[in-house]
Each structure stands twice: as C-alpha cells, then as structure tokens.
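User: Please take a close look at a single part of this structure, namely the packing between two helices. I would welcome one connected account.

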Amino acid sequence: MEKLMPALAYALLAPLAGGLLAGADRIVSARMQRRVGPPLLQPFYDVAKLFSKGDVEVNSLQYPLALCHLLFMALAGALFFGGGDILLVIFVFTVAALFLVAAAFSSASPYSFVGAERELIIILAAEPALLIAAAAIYKVSGSLNFHAVAASGAPLIKQLPGVFLCLFYVLTMKLRKSPFDLSYSHHAHQEIVKGITTDLGGRTLALIEITHWYENILLLGLVYLFFAFSAPLALAAVALTYFLEVLADNTNARVRWQLALSSTWTITLLLAGGNLLALYALGGN
Amino acid sequence: MSLKKSPWLLHYDGSSCNGCDIEVLACLTPLYDAERFGVINTGNPRHADLLLLTGSINHQNEEVVRNLYAQMPEPKVVLAVGICATSGGVFADCYNVKGGADKVLPVDVYVPGCAARPEAIIDGIVRALGVLEQKRAAAEAKK
C-alpha cells in the first residue's frame, strides 16, 4: 500500500502537473521573448483539440504504438515514485522511448524517418549518463529506491556535483529543448519541421504530448532526488533547473547531431565518470 | 470549444512577393503575439487546422496546395491572405497564373490587402475559427 499510493498519485496527477508545467514553460518562454504568451491551460486546450480531430493515422500501427509509448512511460514513472529499482525505471523509460521511434518508423515519410533516427541518437546519447547517475546514487546512498534514497538523508548533490551537471546537460535533450531538440521541437523554426511527429497527428499526437508530460515529471523527480535531504530546497532546485532549461531553450540555436552526441558522451565521461571515479578513489564506504 | 482555443496553422507561400509572408510572421512577433490565442505556426499539414495561403495559384504550385490540403485532418479551413491569394491581384491576367486560391481549394476566409495587415490577418484567423466550429458542428450533425 505504501508503494501503491505514490505510484497511483503519479499515474493520475503527473499529466496534470506536466500539462501545467508545459503551460508555465510557454508563458515563461514568451516573457523571455517579450511576449504575453498563451493562457496557462493552453497545453490542455491543445490536447483536447487533438483528440477531437479524430483518427488521422497513416497506418493501423501508429496509434497502438503511441499508446504503448504512453503506458510504458507512465509505468516507468509509477515504478520510480512507487519505490521500484531505478535501474529498472531507466530500462522501462528507454523502452517507452523506443515505442515512439517505432511509431515514427512505421510511416513512409522520409522526414518521419529522419526524426526517428535522431530520436535514436538522443536515446544513445542520454543512456550512459542515466546509468552512471543510477550507479552513483547507489554508491552514495546505498539504495536504488526513490523513498529509501530520500529517507537516507544523503546529500547527493554534495557528493555528486559532476553527475548532477551531466544530468542537467542530458535533461536538455530529454525535455526537447534547444540546442538538443534534434528530433522534435515545440518551436516551428526547425529545418526538419516536426521531425519524429511528421506523420503523427490527431489523437496519436495527443498521446505523445501527454507522454511527454509524464516524462518531464519523472525526469524532474530524478533532479529532486539529488536534493531530497531537504524538501523545500529540492522543490526550489527542481524549479530552478527547469527555468534554466527554458532559458537555454530560448538562447541557443540547435546544434548538429554529431556535436550533440559527442559533447554529451564527453561530458558524461568527464563529469559523471570522473565524479564516480573520485568517489571510489577517495574511498568512504 | 477546444477547437477555437488551439488553432494551429500551416502557412504556404504560393507565388507571393513575400510581403504578405512577412506580415504573417509579424503576427507572431511581440507586437502582435498571435500565440496569445493559442496560434502555433506548425509547418506540418498533419498537425494543422488552418491552411493559410499567400500569393496566387500558378500551374506549378497547384498540385502542392492540393496535396497539403489533402494531408490536413478534418475539420479544416482555408484562409486566402493578401489580394494575390484572394483573386490573383495584379497578376490575375498573367499567362502563368491561374488566379486566387479559390481556383483549387474551397476558401473559407478572404483577407485582402497588399500586403495584408497583421491586424487583418489575426482578424481573419479569428473568423476562420468560427467557420471551423461550424464545420465541426455540421460533421457531428451528419453522424
């Protein structure tokens, strides 16, 4: 029961929180560009509209694949907040991402293919950082369970600053922010216009949007974990992290995929890997 | 209700001189900020509710325009922005020009002008939303 409640709360409330976060994101982005911006509830209007557009799938596979994308992402988050093994969470998270890639590959559009390939590159770039983060969290707190890590009171951020910075870098990709919005962007100024969602519209796109809300809350939960020894501090850190991501989004042009991949792996190796090595070298437990 | 609050548009430049296109983009700038009404310039027909055409229709872009329109999910509306998209304008009699957008597509809203003012374009979009709602109501009534 103790495990079920947070998992259920995530499954029910994450879309709500994620949607509000997306709305706040758009307003903050607009203010950074000296605009007024849309209403806070705009992402919900958008998703409601997409559902009302009915089915516009180009084949019978897209919708079920998008549905799996949503279900596995919700499962990953529920596992994470329910106190499941963080390594398992990362694997389920990756499976969820792969369903989106499969949905994009199922269409015949070359733009959809380019988007799907770029999404694979993003998964490839982000994976090592996530796995090293899990290993480092275990090294410091002795657990891979969200609640146990939070309860241990271990100040993860003090011992894992490198891992956290690396995670921040990778978060830019996963939140689909510039300069790493290679496969899909919320802005209209990209050369491969809507990348991975080129052929995904209507209710399929609505599912993908909701999944993205689930994903964002899960990732911010990971940020929370680094400051979990103090809940107010952790919430402030999560808010600041997201704000800095929005700032990066509005102040950076997109980079090429080669640079995105190589820079992420370099940073992962140097910052996160170095951090982990230093932990072992300096001993402790 | 939700259709009205989230108009995503696809902008296609037929054979415009770019005057109207600049004005369309001006709608998204801080001064006019069309995103206040939820407007997103998607660039992808499968995501679009509104097809915004500028410039006249000629023999080369006719197929492109038809193709874009066919890829948009129902319900959808077409806006002809600028006098060239409305009627062909001063180019109407050119040998290569077929005329306004209504030569190939069912245009719902005309926004004349050379170039069309951003205020007029936003007004056109808001009117198009009314048409969008009507189309949806008609589709539901058919069911």
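Analyst: The account below begins with the helix pair and then turns to a single residue and to the chain contact. The model is a predicted one.

In chain A, helix α1 (residues 4-32) packs with helix α3 (residues 62-82) at an angle of about 140°, and their axes are 7 Å apart. Because an angle over 145 degrees would be needed for roughly antiparallel, α1(A) is classed as oblique to α3(A). The crossing of α1(A) and α3(A) is right-handed. On the side of α1(A), the contact is formed by L4(A), P6(A), A7(A), Y10(A), A11(A) and A14(A). From α3(A) come A74(A), G77(A), A78(A), F81(A) and G82(A). By class, the residues in this contact of α1(A) with α3(A) comprise 9 nonpolar and 2 polar, with no charged.

A residue in another helix may be set beside this pair. P128(A) belongs to helix α5 (residues 110-141) of chain A. P128(A) is partly exposed because 17 other C-beta atoms lie within 10 Å. Leaving aside residues up to four places away in sequence, P128(A) touches W265(A) and T268(A). Between the C-alpha atoms of P128(A) and L70(A), which are 58 residues apart along the chain, the separation is 23 Å.

The contact between the chains takes 24 residues from chain A and 17 residues from chain B. On the side of chain A that touches chain B, α2 (42-52) and α9 (202-226) each supply at least two residues. The most is given by α2(A), with 6 residues. That side of chain A has 9 nonpolar, 8 polar and 7 charged residues.

Terms used. Residues numbered from 1 in each chain as written. Chains lettered and ligands numbered in written order. Predicted model: local features only at pLDDT ≥ 70, side-chain atom pairs only at ≥ 80, totals over all residues. Axes fitted to C-alpha atoms, helices over the stretch in contact; angles between N-to-C directions. Helix = DSSP H or I, 4+ residues; strand = E, 2+ residues; numbered from the N terminus. Parallel < 35°, antiparallel > 145°, perpendicular 65-115°, else oblique. Left-handed = near helix turned anticlockwise from the far one by under 90°. Contact = placed C-beta atoms within 7 Å. Nonpolar A, V, L, I, M, F, W, Y, C, P; charged D, E, K, R; others polar. Buried ≥ 20, exposed ≤ 12 C-beta atoms within 10 Å, placed from the backbone.
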